[in-house]
Number of protein chains: 2
Amino acid sequence: MMDYSIGKGNYENWILGENNFSSLHLGKTETVMLLGNGYMGLRSANEEPYLSERRNLFINGTFNQADKNEVVELPNAADATRLDILIDGERFSLEFGETENYSKQLNIKDAELIRSFSWTSPEGKKLQFRFSRFVSFAHSHLIGMKMELKCLSGAVDVSIESGINAQMTNSGVQHFLEGDRRIWEDRFIQLVQTTTQSGIDFVHNTVHTLKLNDEEITAEANKYMERRKVWMSYKFRIEQGDNFELEKLTTVHTSRDKESDHEHYSLAEMQEQSLRELKDFDKKGYERLRESHRLAWQENVWDAYGFEVESENPDDQLAIHFSLYHLTAMTPAHDDRMGVGAKALSGEAYKGHSFWDTEIFILPFFIYSNPDTARSLLQYRYHGLPGARQKAAEQGYIGAMFPWEMAWPTDGEVTPEWGDIDIVTGERTKIWAGLIEHHLSADIAFAIYQYVNVTGDEEFLEQYGYVMVFETARFWASRFEWNEERERYEITDVIGPDEYKEHVSNNAFTNYMAYFNLMLAMRYAEKLEKENPELWKSLVRQGDHADWQSKAERLYLPEPRNEDLVLPQDDTYLELREIDLDKYKKQTKARTIYRDYNPEQINGIQVTKQADIILLFFLMEQTFLKDDPRFSKEAKRANFFYYEARTLHDSSLSLSTHAIAASEIGARELAYSLFRKTCEIDMGQNMHSSDDGIHAAAIGGIWKAAVFGFAGVRQTDGRLMINPRLPKEWGRMQFSIYWKGEPLRLDITKNMLKISAGSEKAVQVETAGNVHEFEHSIEITLTD
Amino acid sequence: MMDYSIGKGNYENWILGENNFSSLHLGKTETVMLLGNGYMGLRSANEEPYLSERRNLFINGTFNQADKNEVVELPNAADATRLDILIDGERFSLEFGETENYSKQLNIKDAELIRSFSWTSPEGKKLQFRFSRFVSFAHSHLIGMKMELKCLSGAVDVSIESGINAQMTNSGVQHFLEGDRRIWEDRFIQLVQTTTQSGIDFVHNTVHTLKLNDEEITAEANKYMERRKVWMSYKFRIEQGDNFELEKLTTVHTSRDKESDHEHYSLAEMQEQSLRELKDFDKKGYERLRESHRLAWQENVWDAYGFEVESENPDDQLAIHFSLYHLTAMTPAHDDRMGVGAKALSGEAYKGHSFWDTEIFILPFFIYSNPDTARSLLQYRYHGLPGARQKAAEQGYIGAMFPWEMAWPTDGEVTPEWGDIDIVTGERTKIWAGLIEHHLSADIAFAIYQYVNVTGDEEFLEQYGYVMVFETARFWASRFEWNEERERYEITDVIGPDEYKEHVSNNAFTNYMAYFNLMLAMRYAEKLEKENPELWKSLVRQGDHADWQSKAERLYLPEPRNEDLVLPQDDTYLELREIDLDKYKKQTKARTIYRDYNPEQINGIQVTKQADIILLFFLMEQTFLKDDPRFSKEAKRANFFYYEARTLHDSSLSLSTHAIAASEIGARELAYSLFRKTCEIDMGQNMHSSDDGIHAAAIGGIWKAAVFGFAGVRQTDGRLMINPRLPKEWGRMQFSIYWKGEPLRLDITKNMLKISAGSEKAVQVETAGNVHEFEHSIEITLTD
């Protein structure tokens with residue numbers, strides 16, 4: 001069971017805990033307690049090994065394609081976390097013996113993993129264990145580990161095997177060629193390996209320090225080496241009452257690191273420099289390194305975002321911390337050649353690839369809270385332009401059609417062409433998303449527009465943004481199909497956000513987003529022509545504008561039904577049969593409906609996998625299309641209830657959008673309940689839901705539901721709107737955002753909204769239609 | 001602990017047992033209880049998984065080179081032996097709960113692995129388990145498994161996950177591309193994979209049958225598939241007293257199988273045919289398949305070799321069974337393109353490569369007991385001729401220089417160039433054997449000579465043998481170096497059998513074996529010229545004979561020391577310093593001397609790793625050089641005591657040769673003790689000595705020590721000599737051999753030797769210098 005009530009005092013609502021051990025539930029804490037710093041993500045597998053563990057270390061951006069049958073993915077790097085421990089010759093494992101006072105905790109505030117318990121071996125030896133671990137936020141290459149051992153029942157002989165193991169695979173797939181392995185000065189272990197196809201060198205270093213009652217000791221230490229593995233074996237005896245400590249400092253560097261990008265930085269130099277760095281770390285020692293790591297989190301994350309919630313349910317504050325923690329751990333803020341994977345750095349699933357999850361679910365947090373990182377993530381897409389152009393060309397279009405799945409920017413489309421083989425028919429399942437799920441290109445245009453509107457970063461627009469918007473507009477213009485009979489452009493044979501429906505036509509989300517993309521391109525072209533005619537000339541071709549105009553004007557944009565204002569999700573959705581969805585709405589496991597219906601049948605039912613029309617409403621209201629009567633308040637309300645009843649939230653990308661929409665229409669109880677469900681995707685008591693990795697989009701969704709939903713923050717076509725609608729459980733929420741580069745502090749209670757600005761620059765916000773302009777701060781009374 | 005006293009009645013001295021479980025000692029029974037049929041070898045890892053297990057399935061001859069940094073090796077094929085079992089939701093493992101009446105046994109007679117015990121789960125559920133398994137000797141592609149379960153303490157819910165798992169690696173190295181995976185008719189699982197470099201397709205099939213109280217049942221069966229893995233999950237309930245059975249039949253076929261060699265046998269056909277075959281097996285069922293397997297062993301092995309020993313120590317008979325069992329299991333009698341690896345098919349070590357172990361330690365058994373298989377193994381070398389010619393050419397020689405390590409015949413030399421990196425200096429260790437251990441080419445010539453002398457197989461000689469002897473002779477003639485000063489040919493800078501000594505000159509073993517090779521070539525050339533002048537013309541070049549003659553005459557052959565008849569192992573050995581070797585003679589672990597001396601120091605000490613001079617004496621006495629005074633009885637005796645005192649037997653290739661030599665010189669107690677030590681290399685109580693795999697040469701050595709040592713059987717230049725010297729512990733030994741195609745039955749007691757022939761063909765044997773000619777049988781009185 002997960003236990004969220006452990007944190008006390010300064011750590012109240014900061015501790016994610018597990019209060020009993022089961023080898024059947026290892027995946028949960030491995031994932032939700034992941035340690036990461038954007039450079040790397042380390043699954044929190046226990047030190048002592050278990051059969052069902054998934055011991056993963058992923059280094060952002062180090063993609064490799066193992067062979068022609070495989071899709072490019074993040075390789076599982078060599079492991080240094082495993083410790084094989086013998087107590088008086090018996091293997092130490094929590095699967096046997098007696099374990100008392102067990103606790104495994106992620107201390108979110110300190111970004112530290114701590115595990116403690118006392119264990120009595122089958123032979124009756126009793127010991128107190130404490131393991132701690134961090135992935136440094138101060139030194140991005142560093143992993144610190146510490147084991148403390150106290151003997152409670154007479155002397156014992158202890159044996160510990162620890163080193164670097166490069167026999168790791170991705171479910172049996174080996175991504176590395178074996179390289180040098182050495183032990184320097186009898187202590188410093190170095191192991192090199194190189195990815196098979198992308199040729200990325202990895203240099204792993206590790207060093208151990210042993211202490212008995214705070215004095216450094218040298219135990220009997222033997223050195224071992226076998227294939228892809230090098231390790232030390234320590235043997236020593238501890239007496240009753242002795243405090244034994246093992247500190248292990250590990251670093252990972254790769255030739256993909258930006259600092260190794262300059263010329264003449266050879267593998268040999270990386271080996272030498274990283275070894276020197278480790279020796280420095282070794283001199284500092286675990287505790288000092290941990291302290292600088294802790295301070296880095298405090299300053300750069302907790303103080304910077306300052307997100308406080310007063311709720312009847314203390315798990316809400318914890319969930320906010322959890323969200324900020326993982327958003328920080330997963331995001332490669334240091335390198336604009338890297339994106340965020342759908343499972344972040346916490347599992348093999350989705351192979352580290354970036355989806356639209358980034359733009360729609362993860363990026364909003366960074367746009368408002370950490371614009372530099374948001375910009376880096378958008379620049380990642382910019383670096384992907386050649387691949388996007390290639391994808392468009394391959395499908396017979398022009399402009400840029402962004403890869404549905406993106407890895408290293410220059411890799412282009414990396415969506416697997418074929419999914420698993422149908423277990424019954426033996427035929428491979430075609431994965432259509434890479435071919436016909438097209439909305440991503442418009443989602444990226446939307447994200448650029450939102451980023452620029454919130455930050456006012458015109459430089460970004462000129463350097464990276466315009467070209468992406470123009471290129472995606474060109475793609476759409478070439479993508480539209482003329483329907484001669486109806487005299488309109490259509491977009492047929494696509495997948496919209498509702499992935500239950502394959503090969504639909506005129507998916508409203510896709511059509512409107514494409515329309516938005518064209519309209520945005522025209523607005524940007526006009527603006528650019530005025531502001532920077534030189535750049536305009538180089539980016540906008542003759543005829544572009546006219547083409548976009550003509551296509552946009554004649555694109556079919558689905559109309560709401562007269563009787564109930566319901567916008568049809570696609571050409572046929574509203575005519576499909578309806579079934580009783582109660583059973584599936586209550587599902588606790590994904591894909592429950594597939595037990596009763598096959599994909600073809602589901603295609604014929606009014607059932608939606610995840611927010612589709614509802615997401616469209618949410619995005620449109622932030623744009624210059626917000627006043628379109630099709631997206632009126634009444635339509636919003638009508639569509640929410642229509643589609644919420646038909647949406648199974650069978651994707652972690654769904655609940656947060658519905659939570660925001662529920663909030664907006666004043667359905668506060670429902671909104672809060674949807675917010676809680678969003679939090680519980682990873683934090684819930686389902687001990688298997690996170691086995692394959694964190695749900696990155698849902699993590700972003702927690703922040704979105706709180707800020708866009710409860711705090712009611714929006715940019716609407718460049719204006720800041722704040723219309724808080726706290727749920728009844730929340731007394732107060734405070735957090736910081738940036739608006740046009742200006743830090744704003746928001747303090748919201750049931751009947752008050754206070755906004756403090758960081759400077760004397762005038763800031764304009766709207767609340768419930770009233771425009772407020774202020775300098776230092778403003779306090780607005782809210783009416784419920 | 002191993003327990004060899006389990007077998008009773010018909011199974012007395014047939015059961016290899018382990019009587020208590022420890023997860024720290026899994027390697028022992030995995031190896032010594034290996035199941036195999038020459039086509040494949042399956043390590044006897046337990047059904048339920050353990051962290052330290054090595055779950056290996058090797059298919060003979062399916063070599064692959066994973067990447068340019070790796071050496072070609074036998075890949076670890078997909079696994080179908082693992083069963084993941086839950087009892088009332090608790091994982092079943094012998095690492096926890098209570099285990100009673102534990103027994104893991106290899107029933108050698110039936111070639112069946114059986115494991116039984118009762119197990120009480122930590123929650124107190126008590127069950128009786130019995131697992132059995134065989135690798136069919138009747139159908140070489142078939143693995144049969146059975147699990148029997150009886151609930152002793154009220155009803156329990158059982159869950160079993162079982163399928164085919166191709167996530168297996170060789171210590172992290174993946175040798176396969178992923179292929180098709182299917183489930184047919186909800187039962188028949190098929191998984192295809194293909195080796196990455198050699199392109200060998202593997203087709204794995206499996207099917208389960210579930211029975212409750214002897215009635216077939218269909219439990220709740222779910223199908224699962226993930227990367228490189230497909231499996232079924234069965235859930236059912238058993239009541240107290242119920243007998244549950246799970247039978248699992250698995251087959252493996254590869255595109256390297258001979259039967260798939262003909263044209264138009266596509267992968268699709270292999271898939272289809274192997275599936276059809278599995279359906280036939282499924283109809284027959286486990287018990288009938290097991291029975292035909294059992295009969296195949298009885299007829300082809302136990303009845304054929306009929307090796308019986310009456311000893312005070314019953315382990316002696318068991319050891320003989322053990323030796324015959326493994327010799328049969330490891331040897332690819334079905335395919336002359338395949339050899340026997342140094343660890344046979346029982347571990348990753350030595351990568352499935354063939355060394356001189358085959359010719360000198362394994363082949364003798366087959367030459368005398370199963371000449372067809374002996375011929376197949378020699379033909380394997382014949383297929384290696386192109387690689388041997390290439391190796392000679394690469395080193396600047398002519399003729400054929402056989403690869404020190406040989407894999408697929410056309411691969412040529414596959415000895416790794418570099419060994420592990422020196423853990424301290426960080427420098428790679430050069431592996432010299434592939435470059436300078438040259439005696440193998442002469443060892444092969446010797447093996448051909450011995451095979452032909454024992455079998456009289458002139459056809460083999462004409463088709464395969466002559467050319468190998470001539471080509472190796474050519475190699476030696478080109479290899480010799482002329483010493484101008486001493487006016488003789490020498491062989492400098494080699495490694496002899498004593499691998500403690502690298503870069504020695506005139507290693508006596510190498511020089512004499514090379515000399516023998518040349519002399520044999522001349523004898524064969526003369527014989528061939530007379531018997532088949534056509535073939536002679538095509539095989540022997542002008543000048544060959546003269547060159548061989550001149551080189552042989554002037555080759556330096558080390559002379560025994562006048563004072564004590566000791567033959568110098570090489571140019572410097574007898575001048576090296578001597579140290580007290582007592583400590584190392586008593587070693588229980590390999591390489592103990594390396595703890596005190598480094599390789600350079602060992603090079604300077606009169607210490608020998610393994611039989612070198614003593615082996616030379618043993619080989620020479622079987623040849624036309626037997627009457628050379630340098631190999632006189634006195635010299636034999638003197639050298640035995642000199643070198644035995646200096647030999648650490650730090651290789652599993654050593655003890656059996658010394659056992660034979662001790663026997664020959666009448667040191668019966670020592671001979672018996674060395675025989676026991678030979679047996680204990682794998683059968684001893686050291687629970688880690690076999691972790692990396694069986695010691696194939698030592699397995700052959702058990703047979704050699706008994707037959708060449710105690711029974712005193714020899715071919716000496718084509719004559720059969722039998723001079724039994726039973727140890728005092730042995731009352732009688734009986735076994736069958738072939739002599740010139742004639743089956744002979746030998747029955748030996750302390751004072752009698754009875755030989756029965758299979759027909760009325762006259763047979764000639766020598767005993768203690770007396771020549772006996774007989775037809776049906778002969779009884780000879782022995783004097784001690």
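**Exercise 1. The surroundings of helix α16**

The buried residues of α16(A) are covered by elements that include α9 (440–455), α11 (508–531), α17 (633–646) and α18 (655–664) of chain A. In this predicted model, determine which residues of α16(A) are buried.

*Solution.*
Step 1. The criterion for a buried residue is 20 or more other C-beta atoms within 10 Å of its own.
Step 2. The residues of α16(A) that are buried are I613(A), I614(A), L615(A), L616(A), F617(A), F618(A), L619(A) and M620(A).
Step 3. Helix α16 of chain A spans residues 613–620, and 8 of its 8 residues are buried, so the helix is largely enclosed by the rest of the structure.

**Exercise 2. Annotated positions**

State which residues the UniProt annotation "binding site" covers, and describe the surroundings of D357(A) and Q610(A).

*Solution.*
Step 1. According to the unreviewed UniProt entry, the annotation "binding site" covers W356(A), D357(A), K609(A) and Q610(A).
Step 2. D357(A) lies in helix α5 (residues 357–369) of chain A. Because D357(A) has 28 C-beta neighbours inside 10 Å, this residue counts as buried.
Step 3. When neighbours within four places in sequence are left aside, D357(A) is in contact with A342(A), I362(A), L653(A), A696(A) and A697(A).
Step 4. Q610(A) is located in the loop between α15 (599–603) and α16 of chain A. With 23 other C-beta atoms within 10 Å, Q610(A) is also buried.
Step 5. Leaving aside neighbours within four places in sequence, the contacts of Q610(A) are P497(A), D498(A), T647(A), H649(A), D650(A), S651(A), L653(A) and S654(A).
Step 6. L653(A) thus appears among the contacts of D357(A) and among those of Q610(A).

**Exercise 3. A loop residue in contact with Q610(A)**

Is T647(A) buried or exposed, and which residues does T647(A) touch?

*Solution.*
Step 1. T647(A) belongs to the loop between α17 and α18 of chain A.
Step 2. There are 26 other C-beta atoms within 10 Å of T647(A), so T647(A) is buried.
Step 3. Not counting residues up to four places away in sequence, T647(A) touches T608(A), Q610(A), A611(A), S654(A) and H658(A).
Step 4. The C-alpha atoms of T647(A) and K585(A) are separated by 7.6 Å, and the two residues are 62 residues apart along the chain.

**Exercise 4. Sheets of chain A**

Give the strand order of the open sheet of 5 strands and of the open sheet of 3 strands, and name the edge strands of each.

*Solution.*
Step 1. The sheet of 5 strands has the order β7-β6-β12-β18-β17 (chain A), and its pairing is antiparallel. Its edge strands are β7 (90–91) and β17 of chain A, each of which pairs on one side only.
Step 2. Within this order, β12 (residues 156–165) and β18 (residues 229–238) of chain A are antiparallel partners over 10 bridges. One bridge places N165(A) opposite K229(A) in β18(A).
Step 3. The sheet of 3 strands follows the order β3-β4-β5 (chain A), likewise with antiparallel pairing. β3 (35–36) and β5 (57–59) of chain A have a single partner strand each, so one side of each is left without a neighbour in the sheet.
Step 4. β3(A) pairs with β4 (residues 40–42) of chain A over 2 bridges; L35(A) has L42(A) as its bridge partner in β4(A).

**Exercise 5. The partners of β29**

How many bridges join β29 of chain A to β28 of chain A, and how many to β32 of chain A?

*Solution.*
Step 1. β28 (residues 742–749) and β29 (residues 752–757) of chain A run antiparallel and are joined by 6 bridges. The bridge partner of L744(A) is A757(A).
Step 2. The connection from β28(A) to β29(A) is a hairpin through 2 residues.
Step 3. β29(A) is joined to β32 (residues 777–781) of chain A by 5 bridges, again antiparallel. M752(A) has T781(A) as its bridge partner.

**Exercise 6. The two copies**

Describe how chain A is related to chain B and what chain A contributes to the contact.

*Solution.*
Step 1. A turn of 180 degrees with a shift of 0.0 Å along the axis lays chain A on chain B with an RMSD of 0.0 Å. The two copies are therefore related as by a two-fold rotation axis.
Step 2. The contact takes 33 residues from chain A and 33 residues from chain B. On the chain A side, β13 (176–184), β17 (220–226) and β21 (418–421) each supply at least two residues, and the largest share, 6 residues, comes from β13(A).
Step 3. By class, this side of chain A has 13 nonpolar, 9 polar and 11 charged residues.
Step 4. Since 100% of the interface residues of chain A are also interface residues in chain B, the copies meet through the same surface.

Methods:
Residues numbered from 1 in each chain as written. Chains lettered and ligands numbered in written order. Predicted model: local features only at pLDDT ≥ 70, side-chain atom pairs only at ≥ 80, totals over all residues. Least-squares fit on C-alpha atoms with pLDDT ≥ 70 in both. Contact = placed C-beta atoms within 7 Å. Helix = DSSP H or I, 4+ residues; strand = E, 2+ residues; numbered from the N terminus. Nonpolar A, V, L, I, M, F, W, Y, C, P; charged D, E, K, R; others polar. Buried ≥ 20, exposed ≤ 12 C-beta atoms within 10 Å, placed from the backbone. UniProt positions renumbered as here; feature names shortened; annotations may be inferred. Pairing = 2+ DSSP bridges.
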